[in-house]
Amino acid sequence: MPADAASPAAIYDDRAVLEETWRPPAGLMGVLSAVNHKLVARRFVVTTMVFFLLGGLLALLMRWQLRRPENTFIGPDLYNQLFTMHGSTMMFLFAVPIMQALGLYVVPLMIGTRNIALPRLNAFGYWVFLVGGVFLYVSFLLNMGPDAGWFNYVPLSGPEFSPGHRIDTWAQLVNFTEIAALVGGIELIVTIFKLRAPGMSLNRLPLFCWAQLITSFMVIFAMPAVMMASNFLALDRLVATHFFNPAEGGDAILWQHLFWFFGHPEVYIIFIPALGIVSSIVETFTRRPVVGYTAMVLSLVSTGFIGFGLWVHHMFATPIPQMGQSFFTAASMMIAIPSGVQIFCWIATIWLGRPQWKTPFLFVLGFIAIFVLGGLTGVMLASVPLDLQVHDTFFVVAHFHYVLIGGAVFPLMGGLHYWFPKMTGRMLHETLGRWTFTLLFIGFNVTFFPMHLLGIHGMPRRVYTYVPDTGWGPMNALATAGAMIIGFSVLLFLVNAAWALRRGALAGHNPWGAATLEWATSSPPPAYNFHPLPVVEGRSPLWDRSADAPSVIGIRSDCREVLVTRVLDAEPDHKVEMPAPSIWPFVSAMCLGGMFVATLFTPWGFVVGAVVATIPVIIWFWPKESDHAGRAYRHDRSNERAA
Amino acid sequence: MATTRDLDVSGLPNFAFGNRTLLWWATVCLMIIEGMVFAISIVTYVYLRGRQPEWPPNLSAPGLFWGTVNTMIMLASAVPNQITKKYAEKLQLGPTRLWLAVCLLFAAAFLVVRILEYGALNTRWDTNAYGSIVWVLLSLHTVHLLTDFVDSVVLEAVLFYKPTSKRFVDVSENAAYWYFVVLSWIPIYVVIYFGPYLL
């Protein structure tokens, strides 16, 4: 039996002690051991933005090649790598992770707690992601960049037609990024369900958190499909299995089913958090709660469900039974309904509110305009005859950029402008922000609108050049000019951010006069987020707060204690001590990375790597003196009885 | 500024069991992810079956004996698993240690029998697509058996080294996860061993 650890007199609700307890450790070890959600999420945001810039540069190179017919700037082999790298970067290394990163930063603040649930897993997820992204770009520089498109269809990507390691790089990238996304999803679900401030019952949960919650569920249901698909492919390539080899009973269409069962929900995994951002911004800049809270939540939930019933519309050009085509056409059109409900709710909110035309709000208006256009071409593409005509043409490229840039990047830019003051303590320059928006809006439409026409005129996607007789030259030149404008607007945003970090006006707690809890604490927030912890009295916590608003008292300051509440009504339930900073998530991520890279070359890389990677995980789990969990179980047992 | 309406939580317990805990919800999410992995593999099996006139193609079906023996061992392991869970939730250190050790014996047994199961598959992973998916199904589950085994060994060691109340919560959640590993085996068992007759 263990001896009871002497329990020191507990200290409650003391700000100085809180500072000491939650302070991130210093030095290099401190950097690698950090588990604070804001620190990790900020790294995540910066890292994903770097990948966004890299993916954007690749796009500019492609546009430069296509600006005129028979251009010789880039050859076909490099062009194949460029569009594959661009798509994979934007989907796996930018769009999904940056939406999660925003959630990892904002959600714990928005629901009034001190850290994300499972903070070490959070750090682990970031490091795995970083290794995966660096691995992809190092491979690209070593001429091992994937070149079979971001959806990597077999048989092109199979061992017969793609020898070498380019495709293996893609398959391992999927493993890296999906692990990061899956652990992020788990953390957000547990945080939103169990760590909400007392009073924040589920029907008072901010729409941004609803969006993050539903997205996280979609992540954990959808991502396993692409991991299995990419691992089947890796096995086919590495140990001669036959999943996709028709000669031995495999099937190429199987790949498409597995990939798109993930790939379509993926679109909503990117898009739904953006809807949450839009709701936050609309609420703040119209000075009133969003109209139709229940309808908004139900729309998000139904989008989450219907999003799983659309995947075959990516496969209308394969031999699908007619019944299947009809079903997936109907489902693809049906998903326009919840999206439409939300658009109308926002328009009603703007109509009934007092709009303030600040930069974040402008991005939301841009989102509504562009996304509606993208949605309309989506309804067009849901129809099988039209889809067959424009399949694999620039019409599809135009459509999904309208949906993804309009539906996700515009809200994201709005969100970055909106939360930048909270993350850094300083305001972005308003005029520069307006210029960023205007140039992005113009540049975007100049780039992508002509692609609709190019597609209808028959220009296939993924060709590195075309002959002058096609007549596609002028429209391509226009698109390239637009891409330059987009590049310039992104540059302007970076200049603005760099300027604001040094010279921006101080933000204070709540520069926008917003309603949600993240604005109740200083900018940037302290490591422990809140002192004291808030109690929520309504759906718009800061607007509904009474004069003698209650707080939570009785949370220990001398250890990383947080309050756990009940799932539905957020009644206080018990308290837990959050894990302290630890180097082992970092070490585990490095070992896992080593395993994935070694598996590129030999199946033994997996076997040996798995054993090596298990060791740091065990050490991570192993109780240590520094973990602060010094209270022996008998002490807790009496505590339990008392309760 | 303290008000009379402040919510004093200092008297609340500092751990709990079951769906009140963070760990329970995280474990459920993990089960969803792994359940999807199994489901997708089973769908792949059925899909590949639909592409073949004969199943298994030019091979004999897997021998039923070792797979059935292992199913019995796994189902039986639910008994010590439940007892372990019960004692952990009562915070009784001695019996928890003892019954977790019994669970480990079961785990060791089904891992050994698992090796024999591979021999009874009557195919290699690179024979054809049928062989590939059968190997993947069995191996995915084997990875779970191994994980659960290592997890339980570490927990048992921690129970001897530093058994705080939090570790009893870990034991309880580990037991819940054990059920998932056992229950997820049943559909995989049916597919691998009876798929050739049923599909």
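**How chain A and chain B meet**

Between chain A and chain B there are 18 residue pairs in polar contact, counting pairs in which both residues reach pLDDT 80 or more, a threshold that matters here since the model is a predicted one. On the side of chain A that touches chain B, the elements that each give two or more residues are helix 6 (166-194), helix 7 (207-238), helix 8 (252-286), strand 2 (551-553), strand 3 (561-565), strand 4 (572-577), helix 18 (604-621) and helix 19 (633-642) of chain A. Of these, helix 7 of chain A gives the most, with eight residues. Sorted by character, the residues on this side of chain A comprise 47 nonpolar, 11 polar and 13 charged.

The extent of the interface can be described in two ways. Counted by residues, the contact draws 71 from chain A and 56 from chain B. The size of an interface is often given as the accessible area lost when the parts come together. By that reckoning, chain A and chain B bury about 5700 Å² between them, and 70% of this area lies on carbon and sulfur atoms. Charged side chains also take part, for four salt bridges are found across the interface of chain A and chain B. One of the salt bridges links the side chains of Arg5(B) and Glu537(A), with a distance of 2.9 Å from N to O.

The two chains also share a sheet. Strands of a sheet pair through backbone hydrogen bonds, either parallel or antiparallel. Here an open sheet of three strands, with mixed pairing, follows the order 1(A)-2(A)-1(B), and its edge strands, each of which pairs on one side only, are strand 1 (533-534) of chain A and strand 1 of chain B. Within chain A, strand 1 and strand 2 pair in the antiparallel sense over two bridges, and Leu533(A) has Val552(A), in strand 2 of chain A, as its bridge partner. Across the interface, strand 2 of chain A runs parallel to strand 1 (residues 7-8) of chain B, to which two bridges join it. Val552(A) appears in this pairing as well, standing opposite Leu7(B) in strand 1 of chain B.

A last stop is Thr349(A), which lies in helix 11 (residues 336-352) of chain A. Thr349(A) counts as buried because its relative accessibility is 0%, where the cut-off for buried is under 20%. Apart from its neighbours within four places in sequence, Thr349(A) is in contact with Val282(A), Thr286(A), Arg288(A), Pro289(A), Val290(A) and Val291(A).

Conventions. Residues are numbered from 1 along each chain as its sequence is written. Chains are lettered from A and ligands numbered from 1 in the order in which they are written. Side-chain values use heavy atoms; hydrogens and water are left out. Contact means heavy atoms within 4.5 Å. Buried area is the accessible area (1.4 Å probe) that two parts lose on being put together, summed over both. A polar contact is a pair of N or O atoms within 3.5 Å; within protein, one must be able to donate a hydrogen and the other to accept it, and residues adjacent in sequence count only if both atoms are side-chain atoms. Helices (H or I, at least four residues) and strands (E, at least two) are DSSP runs, numbered from the N terminus. Ala, Val, Leu, Ile, Met, Phe, Trp, Tyr, Cys and Pro count as nonpolar, Asp, Glu, Lys and Arg as charged, and the others, Gly among them, as polar. Two strands pair if DSSP finds at least two bridges between them. Buried means under 20% relative accessible area, exposed over 50%, partly exposed in between (1.4 Å probe, protein chains only).
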